Each structure stands twice: as structure tokens, then as C-alpha cells.
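Let's take a stroll through this fold together. Have the sequence and the 3D view ready, and we'll go from a single residue out to the sheet and back.

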Amino acid sequence: MPTKFRRLGLLVAGLPIVLWVCGTSTAATRDAQKTVSSTTVVIDAGHGGHDRGGIPGQKVAEKEMTLDVAQRLKTLLAKSGYQVVMTRDSDVFVPLPTRVAIANSYSNAIFVCIHFNSAKRAGADGIETYFYGRDSLPLASAVHYYVAGGAPSTNRGVRRRGYYVLRKAKTPAVLVECGFLTNPTEAAYAQTVSYRQKLADEIAAGIRGRSLVTSAPGASTRVATDESIPLQSYTDQTNVRSSSRSRSKRSHKRSSRTKSSTKKKSSTPDGPEASATSKEREG
């Protein structure tokens, strides 16, 4: 009998510890679920409507690829418990300020812009992720870590650049370039349902794993453990002007020189000087 009572006493004494551990685990789970449910993910499918995206003559419309990936991402995140907002959920044109305003209207949000790249050189390829504000680097690191690691393409790295949608966002924001639609191989990938689903899966994994990004910069390769993701090193391109703006300025200078030369030859002006305008590049 004394032995039985001692065993019973040990069980009773250990019960509070078991309850405390279980309670702590349950509380941690509730906290994680609360964080997810209170986070709004604003997904921005690039371009849309009259804006096909890409470059003139491009066969695959960027606006269609971005919307499809965005809608797949929306489904995945909603299943994970996130509140999801789309800047566009159909083939419509949404101005850049409106896209940013939507993201900025939520106090606890992250802003994920989905794009595909293009270039005149058909051989250009790879995945790159952009951010601007320093508070966006962990999100950019996590998303790029998964997307670049999961895609059969060149890893072009993380880049800091002042695109309008990133510069004006008041919340952590990233712009993911999911490959070059002007590259025959990557364009073929993008046109398959399985690859677009894969992109959505990897972006979702990055969003879910952004809190696991470590503080020390690491190589932009998949070298993390299950408990951490390296903060990516990045190329700072904040002083790089868009190619369209550079072309406009060069055209403006040539026009000015031509008009000045003409004035020297004749007192009759050729007409009003053409104004060179530059459009903010969306990505």
C-alpha cells in the first residue's frame, strides 16, 4: 500500500508540469494562429487590362501569367488562415497609386507584387526579387529563398530598387520577377499550369516562413535549416534609372540639338519642342 501511495503522489505531483507544458504548447499554437489570421496579404498581379506587360512584340502576355499565379497564391494563403486582398482579380487595369493605396489601407499587411521579366536578349533568364524599405528585406529574403530555390532557372538574386509600388508602400513589400517570358524555355514553363502552381506554392512558403529569417546575411542559396532562412545579400540598384526614362532623356537631348542646329540655318522654327515624358516602370 505505501508503494502505491508514493506512485500516486508522484503522478499527482507531475500533473501540474504536464498541464503546464500542454498549456504552453496550446498557447503557442493559438499565438501562431492569431498572427496568421491577423495578417493581411495584399497580392498585386502586375499589369492588366490594356497593359499587357513586357516588351513590344512579346508573344506571352505578362498580365495573364501574373493574374493566374496571384489567384493560385490567394487560394493557398486563404487555406492557411491569412486574410487575402487582391488589387485585381480579373483582367482590368489598376493604376499604380491605387494598388499602393489598397496595401496601405491595412495596418497589419504585407504587399506581394507578382511579375514576369522580359528582355530584348532571348537568352536572359532567371528569378529576381525586389524590395525597397529595409523592413521588407526579411520578406524578400524568404520569398526569394523559396522561389529561386524551387525554380529550374538562374538565381539573379535579391535587389533593392525604388519601383513605385515598393517605394510608396508603408508596409513590408516585395516584387517577385518569376522568370523571363522572352526566354523560350522560361516562357514554356510559365505557360504550364503545374509551373504556375509551383510558383504560387513557393511564394506562399516564403510568406509563411518570413519570421524564420535570421539576422545575419547569408548566401542566396538554399543553405538554411528547418528552423531558419538566411537573410539574403542584395544588390542596391536604388540609383539605377529605368531604361525608358534614360531613353526619353537621350531623345530629348537629340531633339534639342537638332532644333538648335535648324534654328541656325533658318529663322523659321520647326514647331513646338516635343516634350519627353517618362512613365514609372512597374516591373
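Which residues does Ser 141 touch, leaving out those up to four places away in sequence? Keep in mind that you're looking at a predicted model. Ser 141 sits in helix α4, which covers residues 137–150. Its contacts beyond those sequence neighbours are Val 213, Ile 229, Pro 230, Leu 231 and Gln 232. Ser 141 counts as buried because its relative accessibility is 0%, and the cut-off for buried is under 20%.

Now for the sheet. It's an open one with 7 strands, and reading across you meet β2-β1-β3-β6-β4-β5-β9, with mixed pairing. At the edges are β2 and β9 (234–236), each of which pairs on one side only. On average, neighbouring strands here are turned by 25 degrees against each other, ignoring direction.

Zoom in on β1, residues 40–45: this strand runs parallel to β2, and 4 bridges join the two. Look for Val 42, which stands opposite Val 85 in β2. Helix α7 (residues 193–208) packs on the sheet, where it touches β1, β3 (109–117), β4 (127–131) and β6 (173–180). The direction of α7 makes about 150 degrees with that of β3.

Last stop: follow the chain out of β2 (83–86) and you enter the loop leading to α3 (96–104), where you'll find Ser 90. Ser 90 counts as partly exposed, because its relative accessibility is 36%. Lys 63 is 27 residues away from Ser 90 along the chain, and their C-alpha atoms are separated by 9.8 Å.

Methods: Residues numbered from 1 in each chain as written. Predicted model: local features only at pLDDT ≥ 70, side-chain atom pairs only at ≥ 80, totals over all residues. Heavy atoms only, no water. Buried < 20%, exposed > 50% of the residue type's maximum accessible area, 1.4 Å probe, protein only. Pairing = 2+ DSSP bridges. Axes fitted to C-alpha atoms, helices over the stretch in contact; angles between N-to-C directions. Contact = heavy atoms within 4.5 Å.
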